[in-house]
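Visitor: Could you walk me through one part of this structure in detail? I'd like to see how its pieces sit against one another.

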Amino acid sequence: MTSRREQILEIAADLFAERGFHGVSIADLGAACGFSGPAIYKHFRSKQAILSEMLVSISEELLAEGTRRVGAAADDKAALASLVDWHVSFALAHKALIVVQDRDWSALPVEAREKVRSTQLAYVEVWVTVLRSLHGRLSREQARARVHAGFGLINSTPHSAVVSDAEMREILSEMALRALLP
């Protein structure tokens, strides 16, 4: 069962993706949640706090699950396949969050922006380490470039998913693995 905070975050992600952070008022968010706008303040101190928690928490989840999957993998090839599977699953399940991060990044307070950036960089490095283990001739910069390109491909989902999620999963997974491996 999800908490009220989680429900607010989920509804806010959808609204922010649809209208933009600045296009959604506290009253709009409250109405979408089924209560008055000011009731939001029982759960979050501001609309920026909602955006911050939304993007910080999902970045932390990406890093934690990515790290867990690499640790559980039998070898580097399995680790890469598991990372791709995880990121594709995330992208398909959280299209709104991808849109919000891309479009509303500048609305984040500086402290939250730094936390999201550092957490995401750590997540990238999880991938870089796996790629370099698979292909030692890749420099860190080359591996990082491949990871960012792979993320760009996978994170295009909100704009490119014109087929079923199952078909999109297959397409993204195949293309990402091909893009990542030299």
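Guide: Happy to. Let's start at Ala166, which counts as exposed because its relative accessibility is 57%. Please keep in mind that this is a predicted model. Ala166 belongs to helix 9. Its C-alpha atom is 9.3 Å from that of Leu92, although the two residues are 74 places apart along the chain. That pair brings us to the part I'd like to show you, the surroundings of helix 4.

A word on how to read the packing: two packed helices are described by the angle between their axes and the distance between the axes. For helix 4 and helix 9 (residues 165-180), the axes come within 10 Å and cross at roughly 140°. Angles of 65 to 115 degrees count as roughly perpendicular and those over 145 as roughly antiparallel, and helix 4 and helix 9 are therefore oblique to each other. Their crossing is right-handed. On the helix 4 side, the contact is made by Leu80, Ala81, Val84, Asp85, Val88, Ser89 and Leu92. Helix 9 answers with Asp165, Met168, Arg169, Leu172, Ser173, Ala176, Leu177 and Leu180. Sorted by class, the contact of helix 4 with helix 9 has ten nonpolar, two polar and three charged residues.

Now turn to the other partner I'd like to show you. Helix 4 (residues 76-93) packs with helix 6 (residues 110-134) at an angle of about 145°, and the axes are 9 Å apart. Here the crossing is left-handed. Helix 4 contributes Asp76, Lys77, Ala79, Leu80, Leu83, Val84, Trp86 and His87, while helix 6 brings Tyr123, Val126, Trp127, Val130, Leu131, Ser133 and Leu134. Eleven nonpolar, two polar and two charged residues make up this contact of helix 4 with helix 6. You may recognise Leu80 and Val84, since they take part in the contact with helix 9 as well as in the one with helix 6.

From helix 6 we can step on to helix 7 (residues 140-154). The axes of helix 6 and helix 7 come within 9 Å and cross at roughly 120°. Again, helix 6 and helix 7 are therefore oblique to each other, and this crossing is right-handed. From helix 6, the contact uses Tyr123, Val124, Glu125, Trp127, Val128, Thr129, Leu131 and Arg132; from helix 7 it uses Arg140, Ala143, Arg144, Arg146, Val147, His148 and Phe151. These residues divide into eight nonpolar, two polar and five charged.

Arg146 deserves a pause. It is partly exposed, with a relative accessible area of 23%. Beyond its neighbours within four places in sequence, Arg146 is in contact with Leu131, Leu138, Ala179, Leu180, Leu181 and Pro182. Two of these names have come up already: Leu131 in the contact of helix 4 with helix 6, and Leu180 in the contact of helix 4 with helix 9. In contrast, the C-alpha atoms of Arg146 and Gly23 are separated by 35 Å, with their positions 123 residues apart along the chain.

Tyr123 of helix 6 gives us another link. Its C-alpha is 7.9 Å from that of Thr67, and the two are 56 residues apart in sequence. Thr67 sits in helix 3 and, at 44% relative accessibility, counts as partly exposed.

Helix 5 (residues 95-104) is mostly covered, with seven of its ten residues buried. Those buried residues are Ala96, Leu97, Ile98, Val99, Val100, Gln101 and Asp104. Their cover includes helix 4 and helix 6, and also helix 1 (4-19), helix 3 (47-72) and helix 8 (157-160).

Helix 1 leads us to Arg4, which counts as partly exposed at 35% relative accessibility. Leaving out residues up to four places away in sequence, Arg4 touches Cys33, Phe35 and His43. The C-alpha atoms of Arg4 and Ile171 are 35 Å apart, and 167 residues separate the two along the chain.

UniProt has something to say about this end of the chain. An unreviewed entry lists "domain: HTH tetR-type" for residues 2-62, a span that is 66% helix and 0% strand, with its end C-alpha atoms 19 Å apart. A "DNA-binding region", also from an unreviewed entry, is placed at residues 25-44. There the chain is 40% helix and 0% strand, and the end C-alpha atoms are 14 Å apart.

Key
Residues are numbered from 1 along each chain as its sequence is written. This is a predicted model: local features need pLDDT of at least 70, side-chain atom pairs count only at pLDDT 80 or more; totals for chains, interfaces and linings use all residues. Side-chain values use heavy atoms; hydrogens and water are left out. Axes are lines fitted to C-alpha atoms, for helices over the stretch in contact, and angles run from 0 to 180 degrees between N-to-C directions. Helices (H or I, at least four residues) and strands (E, at least two) are DSSP runs, numbered from the N terminus. A crossing is left-handed if the near helix is turned anticlockwise from the far one by less than a right angle, and right-handed if clockwise. Contact means heavy atoms within 4.5 Å. Ala, Val, Leu, Ile, Met, Phe, Trp, Tyr, Cys and Pro count as nonpolar, Asp, Glu, Lys and Arg as charged, and the others, Gly among them, as polar. UniProt positions are given in the numbering used here, feature names are shortened, and annotations may be inferred rather than shown by experiment. Angles under 35 degrees count as roughly parallel, over 145 as roughly antiparallel, 65 to 115 as roughly perpendicular and the rest as oblique. Buried means under 20% relative accessible area, exposed over 50%, partly exposed in between (1.4 Å probe, protein chains only).
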